[in-house]
Amino acid sequence: MQAVEVMRNPLCDTGRASRLPDFAAIRPKHVLPALEQLLEAYRRGVEEQIATSSEPDWSIVEREVDWADALARAWSPVSHLKAVADNAALRKVYNQGLELLTRHENWRQHHKGIYRAYRALRDSAGFAGLSGAQQRIIELELRDFHLEGVDLSDDDQKTYRELVMRLSELGSKFAENLLDATHAWTEHLVDEESLRGLPKADRKLLAAIAKSHGKDGWMIDLGEPAYKAIMTHADDRALRREVYTAYVTRASDQGPTAGQWDNGPLILEMLDLRYRLAHLLGFDNWVEYSLSRRMVESPHEVLSFLQELVEKATPAARKQFADLEDFARAHGAEMPLEAWDIAYWSERFRQAELQLSDEELKPYFPLDNMLDALRHLSSCLFGVHLVYDDTVAAWHPDVRFFWLEDTDGSRFAGIFMDLFSRKGKRGGAWMDVCLSRRKLNGEMQPPVAYLTCNFAPPAGKQPSLLTHHDVQTLFHEYGHCLHHLLTEIDWPQVNGISNVEWDAVELPSQLLENWCWEDPVLSTYARHYKTGKQMPGDLKSRLLRSHRFQKALTLIRQLEYALCDLRLHLEYDPAKPLDPTALLHRIRSELEVVHVPEWNRFLNSFSHIFGGGYSAGYYSYLWAEELAADAWGRFRQEGVLSPEVGQALRKEILAVGSSRPAIDSFKAFRGRSPEAEPLLESYGLR
Ligand SMILES: [Zn+2]
């Protein structure tokens, strides 16, 4: 019995192309044996291949796809589970597995034999006979080999590997600290008076949190929904300040858990290691190194892009903030407005100007209706049908699985949707790859994606009701999923989102958000969850007006983050000490829009650039927004439900992945280079 169990490792089950991860069977004990076996097969395979082939041969690429995909199939469910169903046992093997993988990645990227095999392939007579996607794979591999330091001396290569390994550990530790700090703080309330201002639904949410901790009354935790509820609605200014303090000081040297999970030293060490890594490879700084894989060409190009937006947006943002202050003053606010007052008074200002609140809108956005809207759009624009399959088991009962079917009924892709906030699940929203499209044993392995959000779960009989912002988040992540799922390239290196320039990868996701502001989403699908009635015309027009309301302030916040990320990595120099938080405060005070307290430690929870892959790349949200606004212009001109434009988007952008440069795909879709006007227009700055 024992032997059979040991042999059957669900993470090594790579035989059938259509097999989804067997989440019910995966245990922490499977992780390391699976990885060790697959890594060994990869290493042995490479050495044999290199030793036996004397001529440049495409089969090295094919074999590598086999080995790498088997690894990805084993690791993807593990890293996904770590994000959505974290526990101590899993975390331990995850960290050990990550170390194995990072070491493997370093070995592979510094393998001179593989490098020479790819170089020989590019220089061979056969290269011209390869498809565009195949040629692109080789070119990208050679670029990466170069960037990963394959030309370095042995000593420098060793340093390189140590730096990468340590950076990976630090990134993981950063995220863990943040999760622990987030879970460490709660506030139990027994007096309903403290909840004054909170809508019913939010009170229910807080009651549900209390219940999940075995308590009566209400409880505030630092998950997005509870945090937002308090910041937006709680009349009690002291309570807002308390929750704000706990939230913006998570994993830092400040606030209620000061020093316990401080990410501050990790940030400094990461900046230093990144700087050293860039220098080792001959770049002046981490930004230059990062941009070598992007669509934009130089730090100067990004800085002037951001500066231009700052110039256009700052006067409008100051005016908008002054309007907010005037309103708050006139309505009895204690002045000056502090950071914990902004969301609260913004909501009141919005209500007064637009008489529009999330609470009024939420009943019209039950989650299931919005999923139906996504299905409708998918079929209208791309001829793709989403079919729910309740036989697919996942990691939690709330998770739903859908197949994507083409017009001929063939199932060619799948998507796991895990949409509710819960304990042990990382905050925020994201998509991730479960399986990549590729040929496997004569079958086509379907691309499969994870779509993860943290929406408020159903409460009692009430279904999950989304804010309009939640709806945009859902559409955004679905856009990423489509990029992965509608690929028509059979090579995982250049299909879906893989290898798409980071500053272009948000194009499909940001483009998809536009439909949240259009019919039929707002007419046919936005219906009251109790009565089934459409939104009243007046409510709809107020919602539409809200699209640009105080939007320059939002833009400024994005610009602050983007500038801070860029300047941190541009200005860091070990000879000149740098205080990251002070730099952020300086940028904010230069813009002179919103005052943020000195003890705010936003950077300590800035996962994008310290726990994820967006360092020196936060600007790419805005950059991609420019691309998306411009692409949307074509839908506006030719019809937002135009199947022709939808099919063009599918064919020229979604289907091709990174099999060609993003700029070429954009031009193929739009018929010209991107222009900035539509972006400024979308912010009401034109
Ligand atoms: Zn995104």
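**Entry 1: Arg400 and its partner**

Is Arg400 buried, partly exposed or exposed? I looked it up in this model, which is a predicted one. Arg400 has a relative accessible area of 22%, so I wrote it down as partly exposed. The cut-off matters here, because buried means under 20%.

Next I asked what Arg400 forms a salt bridge with. The partner is Asp368, and the closest N and O atoms are 2.9 Å apart. I then placed both ends: Arg400 sits in strand 4 (residues 400-405) and Asp368 in helix 16, so to speak two distant parts of the chain, 32 residues apart. Asp368 counts as partly exposed too, at 44% relative accessibility.

**Entry 2: a buried pair**

I turned to Arg438 and found a salt bridge with Asp69, with 3.1 Å between the closest N and O atoms. Arg438 belongs to strand 7 (residues 438-440) and Asp69 to helix 3 (residues 59-84), so this pair ties together parts that are 369 residues apart in sequence. Both Arg438 and Asp69 are buried.

I also noted the total for the structure, which is 54 salt bridges. Some of them join up: Asp86, Arg91, Glu176 and Asp180 are linked in a network.

**Entry 3: Arg348, without a salt bridge**

Which side chain of opposite charge is nearest to Arg348? I found Asp235, 4.1 Å away. Arg348 has no salt bridge although it is buried. The reason is the cut-off, because a salt bridge needs the nitrogen within 4 Å of a carboxyl oxygen.

Arg348 lies in helix 14 (residues 339-354). Leaving out residues up to four places away in sequence, I listed its contacts as Thr232, His233, Asp235 and Phe327. So Asp235 does touch Arg348, because contact means heavy atoms within 4.5 Å.

Where does Asp235 form a salt bridge, then? I traced it to Arg196, the closest N and O atoms being 3.7 Å apart. Asp235 is in the loop between helix 9 (224-233) and helix 10 (237-248), and Arg196 is in the loop between strand 1 (186-189) and helix 8 (200-212), so the pair ties together parts 39 residues apart in sequence. I checked accessibility as well: Asp235 is partly exposed at 26%, and Arg196 is partly exposed at 42%.

**Entry 4: helix 25 and its surroundings**

I compared the span of helix 25 (residues 643-654) with that of a straight helix of twelve residues. The straight one would span 16 Å, whereas helix 25 spans only 14 Å between its end C-alpha atoms.

What caps the N-terminal end of helix 25? I found Ser642 there, with a side-chain oxygen 3.2 Å from the backbone nitrogen of Glu644.

Several residues of helix 25 are buried, among them Val645, Gly646, Leu649 and Ile653. An α-helix has 3.6 residues a turn, so residues three or four places apart point the same way. The cover over the buried residues includes helix 16 (367-382), strand 5 (411-420) and helix 26 (662-670).

**Entry 5: Leu381**

I followed helix 16 to one of its residues, Leu381. Leu381 counts as buried, because its relative accessibility is 2%. From C-alpha to C-alpha, Leu381 and Val645 are 7.6 Å apart in space, yet 264 residues apart in sequence.

Not counting residues up to four places away in sequence, Leu381 touches residues including Trp515, Phe635, Ser642 and Gly646. I was pleased to meet Ser642 again, the residue that caps helix 25.

Notes: Residues numbered from 1 in each chain as written. Predicted model: local features only at pLDDT ≥ 70, side-chain atom pairs only at ≥ 80, totals over all residues. Heavy atoms only, no water. Helix = DSSP H or I, 4+ residues; strand = E, 2+ residues; numbered from the N terminus. Buried < 20%, exposed > 50% of the residue type's maximum accessible area, 1.4 Å probe, protein only. Lys, Arg positive; Asp, Glu negative; His and termini not counted. Expected span 1.5 Å × (residues − 1). Polar contact = N/O pair within 3.5 Å; in protein donor to acceptor, adjacent residues only side chain to side chain.
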